[in-house]
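I set out to record what I looked up in this structure, entry by entry. The notes follow the order in which I consulted the model.

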There are 2 protein chains.
Amino acid sequence: MSEHTYPEIQRGASLLLAWRLQDKKVLLVGGGTVAASRLGFLLEAGAHVTIVAPGPLESSLAHRVATEPEYVTWIERSYGRPDGPDTKAEDLAKDKTLPVTDFDMVFTAIDDNPLSRAVCDAARAARVPVNVADVPPECDFYFGAQVRRGPLQVMVSTSGAGPKVAVIVRDVIADAIPADVEDAIAGVGALRTELRERAPGVGGALSKRRMRWMIDTCDAWKLSEMGAMKSPEVRHKLLEDGWEKHTVLSAHDLGVSKAELEVVGSQISSFMHSKTFWPSVLGFVAGAAVASASFIAAARRK
Amino acid sequence: MSEHTYPEIQRGASLLLAWRLQDKKVLLVGGGTVAASRLGFLLEAGAHVTIVAPGPLESSLAHRVATEPEYVTWIERSYGRPDGPDTKAEDLAKDKTLPVTDFDMVFTAIDDNPLSRAVCDAARAARVPVNVADVPPECDFYFGAQVRRGPLQVMVSTSGAGPKVAVIVRDVIADAIPADVEDAIAGVGALRTELRERAPGVGGALSKRRMRWMIDTCDAWKLSEMGAMKSPEVRHKLLEDGWEKHTVLSAHDLGVSKAELEVVGSQISSFMHSKTFWPSVLGFVAGAAVASASFIAAARRK
């Protein structure tokens, strides 16, 4: 065993994950503003959502029920209370027509704390991941503050220090995300998909070569250039003259000169919108003013 | 129903989550570099991890097995093959001494693809969340590129466009995170904890007032000032003179003047390390040079 030193484990973190909900079934108990926020994230992830709540629904929930019938179903009653408000405490969450085991994930966003806990217990017992709004100890997972730019998603978590700080940090991060990142991700994603079609399989040597080639190609391209990979011709050249010939080609090698010009344009544009543009301009003006003042003062002294 | 317009749902996202693993049991199948990367994240999240892999283990795994016996257990054999390599295909993953149902989460990071799939199927059938390294379609969740700064965790996900782009974007974001964010989160976290002790409960009106007061207080403080809340005296004043008196106090109101001086110092320091410092300086020099050149040229013409 080598004489490495390993960093101390810094405990207290959560495990940040990107959960796949494409075509999964989700139970959302509640019909207010918190439920509405959950529904937005769930639909973006491609889930089929059953909302159980007595009406009236918050207006965006009502809108989604009306416009997304394939993805959103509304059952107009209290969850766990099929017999109405007189359901006994011990029968709460034993909702026989809508058992939690029918779902891949469960969310509650209601003010009825005993019902929240009952739903949570039922989900836990059935090993269905559950999130109870505003009751962190009852959750398998938390949400964080998020930014989305097309295929890019960023989450900020403060492990319970408070959502407001997470939002403040999220806003700082959102400002720092380069404008061309969406194009870069789309370009690289398309290249990766075509490479997988050309050289399929997992595990083995081909899969390792494929991963290595993708990494080396990304290293050879600037983020601001990667948008050029959205062009089928550029991808075709990369694969035919790069991958097939066991070599890595940069944007410059490919002679994507139009793209390069666009890139320069977009760099100038992103510089003008960046946090370094105004400091540079103000610095220039300040420098010119100070130098001018010195010369004028010197001229007067003469 | 009001006449709002609601944004189109942009599908194709994952649901980004902060999963809680404190004292949960995790099965990690594999003993190489990918398993080592998984183990780091799992231990930071406080999980108890059982590694199942024939030796030799990757060196950092071996180090954790030796130094973290409370959290890491190593079972030195192939998972699913208690009878050795001759275990029949249909018995793969039917590992009776280590059934997936004994665990809260399962990870495989092995080159043995049939075994990976068998473990995945067993976990799915038992509703245990599972991640299979390098085989996205077999996963309940993906990882993203991550940054951690003490209590702050940030994850970048590109929904499968490729880990390399996520790493590039992660590095841009890491540079943009303000240096004082750890102190801010620690300060606000401590305030939130003390407020909860003072005004406990979930649901009701007190809980709503508590959340509102935390948000308003955060809005009244700059991120760079929030580190001052790490002081018990500052928190005591905020709670006694703010919360108890139904008012919100800023850093200025509290007269944390020493903190304010430090804040100015740290702002100057963070400006000098920021992306705007050098552009300002270079702009200043360039401006001075251009102005000087003009004056010198004008003087020569005279």
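**Entry 1: a hairpin in chain B**

I began with β8(B) and β9(B), which form a hairpin with 2 residues between them. In the turn I noted B:G150, which has a positive phi of about 60°. I keep in mind throughout that this is a predicted model.

I then looked up the pairing of the two strands. Strand β8 (residues 145–149) and strand β9 (residues 152–157) of chain B run antiparallel to each other and are joined over 5 bridges. Within this pair, B:V147 has B:V154 in β9(B) as its bridge partner.

**Entry 2: the surroundings of B:V154**

I followed B:V154 further, setting aside its neighbours within four places in sequence. Its contacts in chain B are B:A145, B:Q146, B:V147, B:I173 and B:I177. From chain A, I listed A:L16, A:V154, A:M155, A:V156 and A:I173.

Which residues touch the most other members of the largest nonpolar core? In this core of 71 residues they are A:V154, A:W221, A:L238, B:V154, B:W221, B:M226 and B:L238. Another core, of 52 residues, lies apart from it and includes A:L17, A:L43, B:A36 and B:Y71. As a general remark, nonpolar side chains tend to be buried together in soluble globular proteins.

**Entry 3: the parallel sheet of chain B**

I next traced an open sheet of 5 strands in chain B, whose order is β4-β3-β2-β5-β6 with parallel pairing. Its edge strands are β4 (72–75) and β6 (130–132), each of which pairs on one side only. Direction ignored, neighbouring strands of this sheet are turned by 15° against each other on average.

Inside the sheet I checked β2 (residues 25–29) and β5 (residues 105–108) of chain B, a parallel pair with 4 bridges. Here B:L28 is matched with B:F107 in β5(B) as its bridge partner. I also noted helix α3 (residues 113–125) of chain B, which lies across β5 and β6 and runs at about 165° to β6(B).

**Entry 4: a β-α-β unit in chain A**

In chain A, I looked up strand β3 (residues 48–52) and strand β4 (residues 72–75), which pair in the parallel sense over 4 bridges. A:V49 stands opposite A:V72 in β4(A). Together with helix α2 (residues 59–67), β3(A) and β4(A) make a right-handed β-α-β unit.

**Entry 5: the two chains compared**

Finally, I superposed the copies. A turn of 180° and a shift of 0.0 Å along the axis lay chain A on chain B with an RMSD of 0.4 Å. The copies are therefore related as by a two-fold rotation axis. The same surface serves both, as 100% of the contact residues of chain A recur in chain B.

Technical notes: Residues are numbered from 1 along each chain as its sequence is written. Chains are lettered from A and ligands numbered from 1 in the order in which they are written. This is a predicted model: local features need pLDDT of at least 70, side-chain atom pairs count only at pLDDT 80 or more; totals for chains, interfaces and linings use all residues. Side-chain values use heavy atoms; hydrogens and water are left out. Two strands pair if DSSP finds at least two bridges between them. Axes are lines fitted to C-alpha atoms, for helices over the stretch in contact, and angles run from 0 to 180 degrees between N-to-C directions. Contact means heavy atoms within 4.5 Å. Copies are superposed by least squares on the C-alpha atoms of residues with pLDDT of at least 70 in both. A nonpolar core is a set of buried Ala, Val, Leu, Ile, Met, Phe, Trp, Tyr and Cys residues joined through side-chain atoms within 4.5 Å. Buried means under 20% relative accessible area, exposed over 50%, partly exposed in between (1.4 Å probe, protein chains only). A crossover is right-handed if, with the strands pointing away from the viewer, the path from the first strand over the helix to the second runs clockwise.
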